Amino acid sequence: MLVRENDGVIRAVLSDSYTPFDSFQIIRSLKYTVDFGRWKLTQAYLSEDRMVLRFVDFEPLSVSDGSPLFLGFTVSSSDVGRGNLSIKMMLYRSVCTNGLLISSMGGTLYRKNHSGEGIGASKLQAFNHIFSGIDVTADEIVKNIEQCRGKMLKDYEMEMYMEKAKREIKLSEKSRKKLEELMASTYDRTKWGFINSMTELAQNFTLDTRLEMEQWAGKLFA
């Protein structure tokens, strides 16, 4: 067994094949691979068992969408086996701090189970490779935004998305009404409007639920 403790308190009991990617090691790796002149840390959550970091490039994307959209990425990991080490692209709307996590379309920049080699030179090389190709993926994302903005939802499509959200992320009736209000008052009845309403709604929930909703919206986007 691998017993992980913090200040004398056991926080996890894992198998001996589990490879820790501790938060401080990941942060140190990012220090050597991220261009902090471009990417600004906007949100950070760090506890004894979980880390989520969000970075944003505040150069607006070349898409007209009412308020500026920015490219970003999210780093997520757990010291106790609650999740993989993952780096995913994100669309950020600063006016309401919405975040859309994109897993498909090349949006998953890095994903590693807690097994095999630990944080070392090869991980630094992988991180360098991640950020060198991020702009190519961003171009595809911009094209997809235009397609989603141009797709007005028919009644049956709207109902289909609502039922999908109810089934897959346990969207409650109260949240459904709030989602519809956001589409009517802040966004519009397009696929893109639905996606943005979902990411804004997600801000009302705990971290884990918010990430789940943002990733779900990202899959719908892709």
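# Exercises: empty spaces and a buried helix

The largest cavity in this predicted model has a volume of about 60 Å³. Let's work outwards from there.

## Exercise 1: The cavity

Work out how many cavities of 30 Å³ or more there are, and which residues and elements line the largest one.

**Solution.**

- Step 1: count. Searching the whole structure turns up 1 cavity of 30 Å³ or more.
- Step 2: list the lining. Around the largest cavity you'll find Leu69, Leu91, Tyr92, Arg93, Asn98, Gly99, Leu100, Trp192, Ile195, Asn196 and Thr199.
- Step 3: match residues to elements. Strand E6 (85-93), strand E7 (98-102) and helix H6 (191-201) each put at least two residues into this lining. The most comes from H6, with 4 residues.
- Step 4: sort by class. The lining of the largest cavity splits into 6 nonpolar, 4 polar and 1 charged.

## Exercise 2: The two pockets

Take the largest pocket and the second largest pocket, and describe the volume and lining of each.

**Solution.**

- Step 1: start with the largest pocket. Its volume is about 240 Å³. It is lined by 15 residues, and those closest to its centre are Ser76, Asn84, Ser86, Lys88 and Gln215.
- Step 2: find the elements. Two or more residues of this lining come from each of E5, E6, strand E8 (108-112) and helix H7 (207-221). E5 gives the most, with 4 residues.
- Step 3: sort the lining of the largest pocket. You get 2 nonpolar, 9 polar and 4 charged residues.
- Step 4: move to the second largest pocket, which holds about 180 Å³ of space. Its lining is made of Asp65, Gly66, Ser67, Arg93, Arg149, Thr186, Tyr187, Asp188, Thr190, Trp192, Gly193 and Asn196.
- Step 5: sort again. In the second largest pocket the classes come to 2 nonpolar, 6 polar and 4 charged residues. H6 gives the most here, with 3 residues.
- Step 6: look back at the cavity. Arg93, Trp192 and Asn196 appear in the lining of the largest cavity and also in that of the second largest pocket.

## Exercise 3: Helix H6

Explain why H6 can be called largely enclosed, then find what covers its buried residues.

**Solution.**

- Step 1: recall the cut-off. A residue is buried if its relative accessible area is under 20%.
- Step 2: apply it. The buried residues of H6 are Lys191, Trp192, Gly193, Phe194, Ile195, Asn196, Ser197, Met198, Thr199 and Leu201.
- Step 3: draw the conclusion. Because 10 of the 11 residues of H6 are buried, the rest of the structure largely encloses this helix.
- Step 4: name the cover. It includes E6, E7, helix H3 (134-149), helix H4 (155-169), helix H5 (173-185) and H7.

## Exercise 4: Three serines

Place Ser77, Ser23 and Ser17 in the fold, and find out what each one touches beyond its sequence neighbours.

**Solution.**

- Step 1: Ser77. You'll find it in strand E5 (residues 70-78). Ser77 has a relative accessibility of 1%, so it counts as buried. Skipping neighbours within four places in sequence, Ser77 is in contact with Phe21, Ile26, Asp49, Arg50, Met51, Asn84, Leu85 and His114.
- Step 2: Ser23. This one belongs to helix H1. Ser23 is buried too, because its relative accessibility is 7%. With neighbours within four places in sequence left out, the contacts of Ser23 are Leu46, Met51 and Asp79. The C-alpha atoms of Ser23 and Lys164 are 34 Å apart, with those positions 141 residues apart along the chain.
- Step 3: Ser17. It sits in the loop between strand E2 (9-14) and helix H1 (23-33). Not counting residues up to four places away in sequence, Ser17 touches His114 and Ser115.
- Step 4: link them up. His114 is on the contact list of Ser77 and also on that of Ser17, while Met51 is listed for Ser77 and for Ser23.

## Exercise 5: The whole chain

Check the radius of gyration of the protein chain against that of a compact globule, and add a few overall figures.

**Solution.**

- Step 1: compare. For 222 residues, a compact globule would have a radius of gyration near 17 Å; the chain has 19 Å, so the two agree.
- Step 2: box it. Along the principal axes, the C-alpha atoms fill roughly 55 × 35 × 25 Å.
- Step 3: count elements. The chain has 7 helices and 8 strands.
- Step 4: look at burial and surface. Of the 222 residues, 49% are buried. The accessible surface is about 11200 Å², and 51% of it belongs to carbon and sulfur atoms.
- Step 5: check the contacts. Among those with a separation of 6 or more, 58% join residues 24 or more positions apart.

Technical notes: Residues are numbered from 1 along each chain as its sequence is written. This is a predicted model: local features need pLDDT of at least 70, side-chain atom pairs count only at pLDDT 80 or more; totals for chains, interfaces and linings use all residues. Side-chain values use heavy atoms; hydrogens and water are left out. On a 1 Å grid over the protein atoms alone, a cavity is a set of points where a 1.4 Å probe fits but cannot get out, and a pocket is an open set with protein on both sides within 12 Å along at least five of seven lines; lining residues have an atom within 4 Å of a point. Grid points are joined across faces, edges and corners, and a volume is the space filled by probe spheres set on the points. Ala, Val, Leu, Ile, Met, Phe, Trp, Tyr, Cys and Pro count as nonpolar, Asp, Glu, Lys and Arg as charged, and the others, Gly among them, as polar. Buried means under 20% relative accessible area, exposed over 50%, partly exposed in between (1.4 Å probe, protein chains only). Contact means heavy atoms within 4.5 Å. The radius of gyration is taken over C-alpha atoms; the globule rule is 2.2 Å times the number of residues to the power 0.38. Accessible areas come from the Shrake-Rupley method with a 1.4 Å probe; for residues, only the protein chains shown count as cover.
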